[in-house]
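Subject: Structure handover

Hello,

Please find the structure below. My notes on what turned up in it follow.

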2 protein chains.
Amino acid sequence: MARVEGTRSLAGPGGSPTLDEVARLAGVSRATASRAINGGNRVSSQAQTAVDDAVRALGYTPNPAARSLVTRRTDSVGLVVPEPDERVFSDPFFARTLKGVTRVLAERDLQLVLLLTRPGEEEARMLRYLRNRHIDGALVVSHHRSDSLADHLAALDLPCAFVGRPWTSADKVAYVDTDNLAGGRQGASALIERGCRRIATIAGPDDMSAGVDRLEGWRSAMREAGLETDAVVHGDFTERGGEIAAATLLERHPDVDGIVAASDLMAAGALRVLLASGRSVPGDVALVGYDDLGVAERTLPQLTTIRNPISEMAEQATRLLLQQIDGDSSVRAMRVIYPPTLVHRDSA
Amino acid sequence: MARVEGTRSLAGPGGSPTLDEVARLAGVSRATASRAINGGNRVSSQAQTAVDDAVRALGYTPNPAARSLVTRRTDSVGLVVPEPDERVFSDPFFARTLKGVTRVLAERDLQLVLLLTRPGEEEARMLRYLRNRHIDGALVVSHHRSDSLADHLAALDLPCAFVGRPWTSADKVAYVDTDNLAGGRQGASALIERGCRRIATIAGPDDMSAGVDRLEGWRSAMREAGLETDAVVHGDFTERGGEIAAATLLERHPDVDGIVAASDLMAAGALRVLLASGRSVPGDVALVGYDDLGVAERTLPQLTTIRNPISEMAEQATRLLLQQIDGDSSVRAMRVIYPPTLVHRDSA
DNA sequence: CCCGCCCATGGAAGCGCTCCCACACCCGGC
DNA sequence: GCCGGGTGTGGGAGCGCTTCCATGGGCGGG
């Protein structure tokens, strides 16, 4: 409130209260006060309450820098997004991820530092940041083929966990993923069982494992059913990308009667193009999306889709990270794979 | 790369290199090395290069905790989101904000800490966090009437800036906003000039200043034109909210021939309901949105809307924050207001 | 030519905290 | 009654850094 004249700017005799002041007020030594504050091992209940009271009276909170200097922990973890395009942030996938991560972090009073990097020079800057232990661990989402991040992290011996299988060093780092191959198959199979014969796919970017795996799943299901696998167009996981891809698709293969899209956003875009072209969905063309993050229920008709438990995956990844931070090296290279499930709605 | 056996895990004789080692290698004192690293005041060019070389050779980076302990700066700022609903994150508004913020922060090598709080206990935790100078400053977005955040921050004497006018203490904290009143007027006027006479509005939540101001702008333009101001329904800035609001609106006022929505997302929802009800847009009902963050171009017909320069606003807010952090107290209570502009497309 | 001044430099004092260690002290067992 | 062990406590070192201050050398002006 009032500015104190002098070098310090907070109330009290010289800035925010220090452990020293707490100890003095509690009538114990700094060492005892410290112990009392950090879990209270080897502290008499008498000393403990004295310290507790002093802490409350002074409104004391430990200086994080000082603590971090000696413990070598920062109580914060980084969320690395190697693609800080605003696209990422408006994607419900990211929103859900963030939700899962923050939920787990809040339990432990850890802070989240956002590490956004455009490719190139910024990556070097971020690696320096990571190397220097500004943070206790890193969580990586939206990892691309060109990122050397996984390799670097694996070499760095910094606790880390990926959401989505990394391109490289997949055997050296912990990650959480869904079985995108199975998901891709499920999407294709749903259409095949429905009776579709000319099935296309709007695949994800081929520099992301989710894109590649889903496509591969689609291919294998198609092959097993003895169907052509030539109707493939790539999108970028966005609605606009889905529109463009669908338009291309209709031009090249006007006879499609089923489309598997690698994301709901792309499916939504495709849906719009399909309807605009005069085709009915699912009457003329059946459509299957991927993710089920809310978008699928908001289209008309609602999308049949493959559900990804994103938020759970993010939570799990965060837990894996915390375990590593806690020194449990058994999870260093652990992978957790969630099964995708088909959700039947109206578009197929 | 290779793991070193022993207590430390990084290369070199005992963990990451310290300033001491740099100094020794450069043949200068720790003090000189420090000066050289921090801008090089009062350092001979000879010493400077020696230090530079040593830094490079050792791969030295300053220990942030140690530095922070003495400088009392953390080189990180917090982004406070008092509504960590995943809704916020999938809103393009937030995405743009983040984009603007990170761009400015990157210039100065500052880090972004995400501070999400559900109302209630978590707010106390966050205030403790802020009070304790974990961060150098705070940026607040999506501020609600019930948040006492602005008051607390103003009292805390912690550098801060709001994106969007805060409900309270608006005269005590720095903020960036658009002239939502004018924007609301523009939306209504556009429809009035077009010849609409029965104009409704889908307003924003009445616990956010943007919602209230836009509504007030709409009201005043309507009154000046001698039109009824009774067709008001509130939404929550989401697409789904827009749908619900539009449905209510059509039920209560089936004769509407124009709607001003307080966000594009809500307009998109309304558009869907309008079309589903058999009305043409803009033929039967003209529609104006708000924000112009991309959504407006993706609807069919494309939305006429009021453009908000979100990303610029976020940049500006961040700059205001940095100025405060740099000790420029003249911007402590500065406000910057951007003008909204009408963007003509197809829906009105 | 000498004095004072400025500039580059290093010594040393902390920043606030944790944790090792040594030191009581008290208990029970022989 | 003495010794071993366990338990609570405080002294003190030190984490890696910035910065104050004293020092010494070089320079220009009187």
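Which atom of DNA strand D is 2.7 Å from an N or O atom in the side chain of Ser44(A)? A phosphate oxygen. Please keep in mind while reading that this is a predicted model.

DNA strand D

Ser44(A) is also among the residues that come nearest to DNA strand D, along with Arg72(A), Leu19(B), Ser34(B) and Tyr60(B), out of 28 residues around that strand. Of the strand D atoms that come within 4 Å of the protein, 62% are accounted for by sugar and phosphate. Bases are reached as well: a polar side-chain atom of Arg35(A) is 2.8 Å from a base oxygen of DNA strand D, and one of Arg30(B) is 3.0 Å from a base nitrogen of DNA strand D. Two or more residues each come from helix H2 (30-37) and helix H4 (64-71) of chain A, and from helix H2 (30-37) and helix H4 (64-71) of chain B. The most, five residues, are given by H4(B). The surface near DNA strand D divides by class into 13 nonpolar, eight polar and seven charged residues.

Two local details belong with H4(B). At its start, a side-chain oxygen of Asn63(B) reaches to within 2.7 Å of the backbone nitrogen of Ala65(B). Just after this helix, Arg72(B) has a positive phi of about 65°.

DNA strand C

DNA strand C is surrounded by 27 residues, of which Leu19(A), Ser34(A), Tyr60(A), Ser44(B) and Arg72(B) are the closest. Sugar or phosphate makes up 67% of the strand C atoms within 4 Å of the protein, with bases as the rest. On the phosphate side, a polar side-chain atom of Asn38(A) lies 3.0 Å from a phosphate oxygen of DNA strand C. Asn63(A) uses its backbone instead, with an N or O atom 3.2 Å from a phosphate oxygen of DNA strand C. Arg30(B) appears here too, a polar atom of its side chain lying 3.3 Å from a base nitrogen of DNA strand C. At least two residues of the surface near DNA strand C are supplied by each of H2 and H4 of chain A and H2 and H4 of chain B. H4(A) gives the most, with five residues. The classes on this surface are 13 nonpolar, eight polar and six charged residues.

Between the protein chains

How many residues of chain A are in contact with chain B? The number is 40, and they meet 40 residues of chain B. About 4,300 Å² is buried between chain A and chain B, with 54% of that area given by carbon and sulfur atoms. There are zero salt bridges between the two chains, and four residue pairs in polar contact, both residues at pLDDT 80 or more. On the side of chain A that touches chain B, two or more residues are given by each of H4, helix H5 (86-90), helix H6 (92-108), strand S2 (111-116) and helix H7 (121-131) of chain A. H6(A) has the largest share, seven residues. This side of chain A has 19 nonpolar, nine polar and twelve charged residues.

The chains also pair through strands. S2(A) runs antiparallel to strand S2 (residues 111-116) of chain B, and three bridges join them. Within this pairing, Leu112(A) stands opposite Leu114(B).

Regards

Notes:
Residues are numbered from 1 along each chain as its sequence is written. Chains are lettered from A and ligands numbered from 1 in the order in which they are written. This is a predicted model: local features need pLDDT of at least 70, side-chain atom pairs count only at pLDDT 80 or more; totals for chains, interfaces and linings use all residues. Side-chain values use heavy atoms; hydrogens and water are left out. A residue is near a molecule or strand if one of its heavy atoms lies within 4 Å of it. A polar contact is a pair of N or O atoms within 3.5 Å; within protein, one must be able to donate a hydrogen and the other to accept it, and residues adjacent in sequence count only if both atoms are side-chain atoms. Helices (H or I, at least four residues) and strands (E, at least two) are DSSP runs, numbered from the N terminus. Ala, Val, Leu, Ile, Met, Phe, Trp, Tyr, Cys and Pro count as nonpolar, Asp, Glu, Lys and Arg as charged, and the others, Gly among them, as polar. Contact means heavy atoms within 4.5 Å. Buried area is the accessible area (1.4 Å probe) that two parts lose on being put together, summed over both. A salt bridge is a side-chain nitrogen of Lys or Arg within 4 Å of a carboxyl oxygen of Asp or Glu. Two strands pair if DSSP finds at least two bridges between them.
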